[in-house]
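Please find below some brief comments on the strand pairing and helix packing of this entry. They are set out as numbered points for ease of reply.

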Amino acid sequence: MGSIDFKDKKNIYAIAVILLILAAGYCVYTYMWEPFVMDRENLERDLQAAQSELDKINAKKHRIAELEMQLVQAEKDFEKLKEMFPEEEKIPLRLQDLYSVLRSSGVQIQKFNPEGSAPREHYIENRYSIAVNSGYHMLGYLFAEIANFNYPTTITNLKLSRYSGIAAELQKAETHGWTPITVSVTFNLTTYTSKKAP
């Protein structure tokens, strides 16, 4: 390979063009390509950060939707609890419930007396004294229906005795084919109301 003749204008021109191309390439790389690459990397990082933030927001939105559903369910549950444990005893409703099951069970009510209330630490007991005449199966049905009230109840002081008119009832049962009244029953029914915090 021969040496370059720097006196030849063509060689000088070629070297100048090469140097210009190299300088232009350097300028393009330094002032255009490198900033472009850095900007692209920064934008990619920003995009990833934004995507991560968006994922967090979407997760929180999903959580908010879950919490809203839980809140709606909690409000429904609270309403049910308010029905189960009202702030005031609703004697007419208790009477209505009791008379309804008494009619459906076929027992004969003799007494239904509110006996006052007894405060406890977190609730109030509301007591009723009840006396009925019934057959054994009717009585079992009555207690099953009371157990299915949509509020808590307790039956205490249950006393069973032979019905005084049992002979006449057995005669009627044979004649008419209905279930006889065989027992007189007394018991205390307790319902509960919530106690307001002081």
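1. Asn-126 has Thr-191 in E4 as its bridge partner. The coordinates come from a predicted model, and the remarks here should be read accordingly. Asn-126 belongs to E2, where it stands opposite Ser-117. Strand E2 covers residues 123-134 and runs antiparallel to E1, to which nine bridges join it. With E4, E2 forms twelve bridges, again in the antiparallel sense.

2. On the other side of the pairing scheme, eight bridges connect E3 and E4, and these strands are antiparallel. One bridge pair can be named here: Thr-156 is matched with Asn-188 in E4.

3. Taken together, the four strands make an open sheet in the order E1-E2-E4-E3, paired antiparallel. Its edges are E1 (108-119) and E3 (153-162), each of which pairs on one side only. On average, neighbouring strands are turned by 15 degrees against each other, with direction ignored. As a general matter, strands of a sheet pair through backbone hydrogen bonds.

4. Two helices lie across this sheet. Helix H2, residues 91-105, lies across E1, E2 and E4 and runs at about 145 degrees to E1. Helix H3, residues 136-147, lies across E2, E3 and E4, at about 170 degrees to E3.

5. Why is E4 described as largely enclosed by the rest of the structure? Nine of its twelve residues are buried, so E4 (183-194) is largely enclosed; buried here denotes under 20% relative accessible area.

Note on methods. Residues numbered from 1 in each chain as written. Predicted model: local features only at pLDDT ≥ 70, side-chain atom pairs only at ≥ 80, totals over all residues. Heavy atoms only, no water. Pairing = 2+ DSSP bridges. Axes fitted to C-alpha atoms, helices over the stretch in contact; angles between N-to-C directions. Contact = heavy atoms within 4.5 Å. Buried < 20%, exposed > 50% of the residue type's maximum accessible area, 1.4 Å probe, protein only.
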